[in-house]
Protein chains: 2
Amino acid sequence: MDTAHVATSTALLTDQYELTMLAAALADGSAHRQCTFEVFARRLPHGRRYGVAAGAGRMLDALAEFRFREPELAVAEKFLPADTMNWLRDYEFRGDIDGYGEGELYFPGSPILSVRGSFAECVVLETLILSILNHDSAIASAAARMVSAAGGRRMIEMGSRRTHELAAPASARAAYLAGFDATSNLEAVRRYGVPGAGTSAHAFTLLHTGSDGAHEAAAFRSQIEALGVGTTLLVDTFDITQGVATAIEVAGPELGGVRIDSGDLGVLARQVRDQLDALGATRTRIVVSGDLDEYSIAALRAEPVDAYGVGTSLVTGSGAPTAGMVYKLVEVEGVPVAKRSSHKESRGGTKRAVRLSRHTGTIVEEIVYPASGPAPETDGFEARELLTPMVRGGKIIEDRPPLQDSRALVAHGLVSLPWEGLKLSPGEPAIPTTFIP
Amino acid sequence: MDTAHVATSTALLTDQYELTMLAAALADGSAHRQCTFEVFARRLPHGRRYGVAAGAGRMLDALAEFRFREPELAVAEKFLPADTMNWLRDYEFRGDIDGYGEGELYFPGSPILSVRGSFAECVVLETLILSILNHDSAIASAAARMVSAAGGRRMIEMGSRRTHELAAPASARAAYLAGFDATSNLEAVRRYGVPGAGTSAHAFTLLHTGSDGAHEAAAFRSQIEALGVGTTLLVDTFDITQGVATAIEVAGPELGGVRIDSGDLGVLARQVRDQLDALGATRTRIVVSGDLDEYSIAALRAEPVDAYGVGTSLVTGSGAPTAGMVYKLVEVEGVPVAKRSSHKESRGGTKRAVRLSRHTGTIVEEIVYPASGPAPETDGFEARELLTPMVRGGKIIEDRPPLQDSRALVAHGLVSLPWEGLKLSPGEPAIPTTFIP
């Protein structure tokens, strides 16, 4: 057994029913019908006004590793007939995929991904595709709201401890894509090149405790000796006013920053700023952290805060930990198909989408139209096609955009929203979507 | 570069500040002080009445893979001095760990994990330990509420698509541990031996569409031929009454089950039960799914439902996607330490805990007491020690309990709660915790 492969095949990140459907479809011959599956969100969570599509890059990496070798086959053979096993052994996706670029905004019904091929080759990808897009889009969507609430101040992602250990680097990537500046997560630094950040915790101050009590000054001195005067000292382990005084006494006015992790952050930031300025440390930055979300970030906008450290609310999607996207069969051999279950209707047929904007750049509408029909009239608005080719004939398009391009796309998307679209309060999607039947 | 190792080392699932603190502590000599770090939750989420500790098994596996080899060192050397790099190269945890067994209930302040060793060897494990325990405990805690709401009916975990692709098998494991019966996730079947489940999706019915419309009967016939008459048919793609009639027409009254995935599940379950009984299919089971949580599961208790399929709300912790546990330094060289930050106080000193119960088995109180002091008086109650040895001198205790034992522990824990403890409504923790200073 090849252990390298056990760790990297993504083929079992799949729901069992995909393989039982495959077996039945292979047996009755329908498995080879040409199909289109589409990924979309029926709604945005909690009155959100936009979503940020993310995860396509990770999804394509995972697709390349979707192979059934011995360890995967050993699981499947317990419930599958021999011909299905043979089919799985040879499986690789040979179809086409188009999708919204990473960082593109989306709205209810946006056809975020279009997967085309035989039923068999498309149906087995459902869970893997949805897991990645739902997770990464949930984090990126929350992150974009925080970034826009922060109004240009530095944002550090530090939520690894509050999510699954391998969701953590993916969360850091999604946050960076949406405009965060850095992450505490070292695997995200290694794997995705996200800039790393971080200095000290309360434990480091508490470590410098003798039988006569705590020596905050000793902890600060040690940190500065090891990391330089540009480091950020955590000043709230005991008393913040004393902590700031000690910090500047030890570091001098060139100290890089102080971090406040508890209490009323707005009041404390102002107090600490005054104290730092009075001590001549006018360029020492103030970093705040501690259960921040987009609302508390926005509430601190008038305060002298230089950087935000965001953890729990970021990695849990700030109340919406999954984007709720679905993967639906919409076309079989050229015929549109759709279920009619109550409240879960879907729209049949392979689709494309354009987003219309005024010449000022403000977006006004998204139009979803049949791929087989003509592009819609755009009434003098500028129109941008939203689906870009990602896979052709099973081959992943090689010039995949780097994360920097996705960052630019999110930044551009936020600027292009009508002003109500940036409100944090619950409301309607920022632009309407028109579906041309 | 060894790719097997790249995939399996857990050393970079770490926040950068743990390594910068390490560097500073190595430089000033404090790194070698003997410390205790404890994991606990300050509170339970959203008025929950108990939590379920989970993840220790996965955490011990991850601990064994916490090694810095070339790929990890390459990231660390960008910000660390040479002596710290040498220390990391030789790193393995050589200390002791005690913890609440997987499946043990916990309450605010319960010392769920006690990690003892030098500051250096303990501090670097913070993020990895918390990521795993916070994720798995969040899922197990939500799952236990659903299991108790289901009153013994079959529970199938099917939420993989609504969480990170590698959080999905961990979620399936946590749900199984808490009393779920099966999972749709094949990687959880392979990795943890959780029983697999699953049959068909709407796409399979829609696939059987010709130019003259949909052939639901053809889809059902195909599924039964491939999977046998004991399979579960999804009957709500078009019209449920017609779907049930077609299902029994095709399968006969021995059909294993039907699944309803949309609409008013209570009304539909009763209607479908009547219809099945009238058709002679009195033993055909009814499986319901579609945005179920503990509240809707409880609301269906009076309806003829045989099994629940639960997705989104399970893998997102039903409103509490992280358990919010923290990892705090509580003792240095035998001296208790604690920070005094507002609202984030911690209690110094290495601790132990016992849970008291009446002779009926009902628990009444948890007592957390100093490990250096005597065991508390138990006033005629039965007392059970909650911390069990997991690691000694860096060596993982080999006779780790299997998941079946954890299932039994959760089941026993739920039975032992005072009756208010099983209420789904928000309230106080089911038992008080007393802290002996």
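This report walks through the pairing of chain A and chain B, and then visits one residue inside chain B. Please keep in mind that the model is predicted.

**How the two copies are related**

Let's start with the overall arrangement. A turn of 180° with a shift of 0.0 Å along the axis lays chain A on chain B with an RMSD of 0.0 Å. This is the relation of a two-fold axis. The same surface serves both copies, since 100% of the contact residues of chain A recur in chain B.

**The interface**

On each side of the interface there are 95 residues: 95 of chain A are in contact with 95 of chain B. Together the two chains bury about 7800 Å² between them, and carbon and sulfur atoms give 62% of that area. Three residues stand out here: A:Arg161, A:Leu186 and A:Leu207 supply 11% of the area that chain A buries against chain B, more than any other three residues.

Polar pairing is part of the picture too. The rule finds 40 residue pairs in polar contact across the interface of chain A and chain B, counting pairs with both residues at pLDDT 80 or more. Which element gives the most to the side of chain A that touches chain B? Helix 2 of chain A, residues 16-28, does so with 10 residues. By residue type, that side of chain A divides into 43 nonpolar, 34 polar and 18 charged residues.

**Salt bridges between the chains**

Over all chains, the structure holds 45 salt bridges, and 8 salt bridges are found across the interface of chain A and chain B. Side chains of opposite charge can pair when their charged atoms come close. Here are two of these pairs, with the distance between the closest N and O atoms.

| Residue in chain A | Residue in chain B | Closest N and O atoms |
|---|---|---|
| A:Arg161 | B:Glu18 | 3.9 Å |
| A:Asp15 | B:Arg161 | 2.9 Å |

What does the salt bridge of A:Asp15 with B:Arg161 join? A:Asp15 lies in the loop between helix 1 (3-8) and helix 2 of chain A, while B:Arg161 lies in the loop between strand 6 (154-157) and helix 8 (167-177) of chain B, so the pair joins two chains.

**An annotated span in chain A**

UniProt, in an unreviewed entry, lists residues 12-134 of chain A as "domain: Nicotinate phosphoribosyltransferase N-terminal". This span is 41% helix and 19% strand, and its end C-alpha atoms lie 18 Å apart.

**A look at B:Glu254**

Finally, a stop within chain B. B:Glu254 is found in the loop between helix 12 (240-251) and strand 11 (257-260) of that chain. Leaving aside residues up to four places away in sequence, B:Glu254 touches B:Val229 and B:Arg283. B:Val229 is 25 residues away along the chain, and its C-alpha atom is separated from that of B:Glu254 by 6.7 Å. With B:Arg283, the side chain of B:Glu254 makes a side-chain to side-chain polar contact at 3.2 Å.

Terms used: Residues are numbered from 1 along each chain as its sequence is written. Chains are lettered from A and ligands numbered from 1 in the order in which they are written. This is a predicted model: local features need pLDDT of at least 70, side-chain atom pairs count only at pLDDT 80 or more; totals for chains, interfaces and linings use all residues. Side-chain values use heavy atoms; hydrogens and water are left out. Contact means heavy atoms within 4.5 Å. Buried area is the accessible area (1.4 Å probe) that two parts lose on being put together, summed over both. A salt bridge is a side-chain nitrogen of Lys or Arg within 4 Å of a carboxyl oxygen of Asp or Glu. A polar contact is a pair of N or O atoms within 3.5 Å; within protein, one must be able to donate a hydrogen and the other to accept it, and residues adjacent in sequence count only if both atoms are side-chain atoms. Helices (H or I, at least four residues) and strands (E, at least two) are DSSP runs, numbered from the N terminus. Ala, Val, Leu, Ile, Met, Phe, Trp, Tyr, Cys and Pro count as nonpolar, Asp, Glu, Lys and Arg as charged, and the others, Gly among them, as polar. UniProt positions are given in the numbering used here, feature names are shortened, and annotations may be inferred rather than shown by experiment. Copies are superposed by least squares on the C-alpha atoms of residues with pLDDT of at least 70 in both.
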